[in-house]
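Hi,

Here is the structure I promised to pass on. Have a look at it first, and then read on for what turned up when I went through it.

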Amino acid sequence: MEAKDIEQKELAYYAGLFDGEGCIHIARIHTQKRRLTYQLVCRVSMYSLSVLQGLRSRFGGSIYYEKKHPTSNKYGLLWSWSLFSRGAGAFLNEVEPYLKIKKTQAKLALQFQANKHNGAHKKAWGNTAKTEGELATEEAQYILMCNLKKEFSYV
């Protein structure tokens with residue numbers, strides 16, 4: 001098997017895992033300077049630490065255990081792997097062609113992150129005021145992501 005085939009199978013595997021166990025989120029954050037900002041977050045939570053370590057090895061990010069999750073004691077420790085901002089965008093860019101369930105969310109997240117990157121200021125995150133237009137665009141994308149997530153909830 002060629003290296004390209006192995007790479008595609010690995011990406012397809014991680015995309016399937018993310019479709020079933022993952023979450024794409026645009027977080028609304030109020031900074032210490034009382035400014036509103038938004039951040040892209042990708043997360044997978046599960047009981048198999050070794051699978052999450054594979055995600056971290058391949059895409060970066062961090063792993064932590066959910067101390068307060070109610071099912072942690074019943075089934076063992078619930079672990080979460082998380083990526084933020086550019087890392088989350090890079091991950092979604094690689095797995096998006098293989099996604100089924102979260103494809104629309106991933107496309108919106110990639111558009112959101114591209115807009116953040118294109119409009120990024122030279123200073124550190126959250127330190128510069130955004131224009132009303134930038135905030136309105138990010139808020140609209142935040143609301144759209146919330147609505148896309150509701151389409152798949154089983155309430």
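A word on confidence before anything else: pLDDT is the predictor's confidence in each residue, on a scale from 0 to 100. You'll need that because this is a predicted model. The protein chain has a mean pLDDT of 86, with 84% of its residues at 70 or more. Among its elements, H4 has the highest mean, 97, and helix H3 (residues 72-75) the lowest, 61. Where pLDDT is low, the predicted coordinates should not be read in detail.

So let's start with H4. Which of its residues are buried? In this helix, residues 85-95, they are Ser85, Ala88, Gly89, Phe91, Leu92 and Val95. Looking down the axis of H4, you'll find these buried residues within an arc of 165 degrees, so they line one face of the helix. The general background is familiar: an α-helix has 3.6 residues a turn, so residues three or four places apart point the same way. Arg86 and Asn93 are exposed on the other side of H4. One backbone detail to check in the same helix: Ser85, which belongs to H4, has a positive phi, near 50 degrees, although it is not a glycine.

Next, the core. The largest nonpolar core has 32 residues, and the ones touching the most other members are Ile24, Leu55, Phe59, Trp81, Phe91 and Leu92. Many parts of the chain feed into this core: the elements giving it two or more residues are helices H1 (3-21), H2 (49-59), H4, H5 (103-118) and H6 (132-150), together with strands S1 (22-30), S2 (36-46) and S4 (79-84). Phe59 is a good residue to click on here. Beyond its neighbours within four places in sequence, Phe59 is in contact with Leu11, Tyr14, Trp81, Leu83, Phe91, Glu94 and Val95.

Now for the aromatics. The count of aromatic pairs comes to eight. Take Tyr65 and Trp79: their ring centres are 5.6 Å apart and their planes at 75 degrees, so the pair is edge-to-face. Tyr65 sits in strand S3 (residues 62-65) and Trp79 in strand S4, so this pair ties together parts 14 residues apart in sequence. Trp79 is buried, because its relative accessible area is 18% and the cut-off is under 20%. Tyr65, in contrast, counts as partly exposed at 37% relative accessibility.

Trp81 and Phe91 make another edge-to-face pair, 5.2 Å centre to centre with 75 degrees between the planes. Here the link is between distant parts of the chain, with Trp81 in strand S4 and Phe91 in helix H4, ten residues apart. Trp81 is buried at 0% relative accessibility, and Phe91 is buried at 1%. Both also belong to one aromatic cluster, made up of Tyr13, Tyr14, Phe18, Phe59, Trp81 and Phe91. Phe18 has a charged partner as well: Lys102 lies over the face of its ring, 6.0 Å from the ring centre.

Phe18 comes up again with Leu99, in the loop between H4 and H5. Is Leu99 buried or exposed? With 2% relative accessibility, Leu99 counts as buried. Not counting residues up to four places away in sequence, Leu99 touches Ala15, Phe18, Asp19 and Ala106. Leu99 and Gly16 are 83 residues apart in sequence, yet their C-alpha atoms are 6.6 Å apart.

Last stop, helix H6, where two residues caught my eye. Tyr142 is in this helix and counts as buried at 17% relative accessibility. With residues up to four places away in sequence set aside, Tyr142 touches Ile26, Arg28 and Tyr38. It is also 8.3 Å from His25, C-alpha to C-alpha, across 117 residues of sequence.

Glu138 lies in H6 too, and this glutamate counts as buried, at 8% relative accessibility. What does Glu138 touch, if we leave out residues up to four places away in sequence? The answer is Tyr38, Phe112, Lys116 and Lys130. Tyr38 is therefore a contact of both Glu138 and Tyr142, with the burial of Glu138 resting on that 8% figure.

Shout if you'd like to go through any of this together.

Cheers

How values were computed. Residues numbered from 1 in each chain as written. Predicted model: local features only at pLDDT ≥ 70, side-chain atom pairs only at ≥ 80, totals over all residues. Heavy atoms only, no water. Buried < 20%, exposed > 50% of the residue type's maximum accessible area, 1.4 Å probe, protein only. Helix = DSSP H or I, 4+ residues; strand = E, 2+ residues; numbered from the N terminus. Arc of directions from axis to C-beta. Core = buried A, V, L, I, M, F, W, Y, C linked by side-chain atoms within 4.5 Å. Contact = heavy atoms within 4.5 Å. Phe/Tyr/Trp six-rings, centres within 6.5 Å; stacked < 30°, edge-to-face > 60°. Lys NZ or Arg CZ within 6 Å of the ring centre and 35° of its normal.
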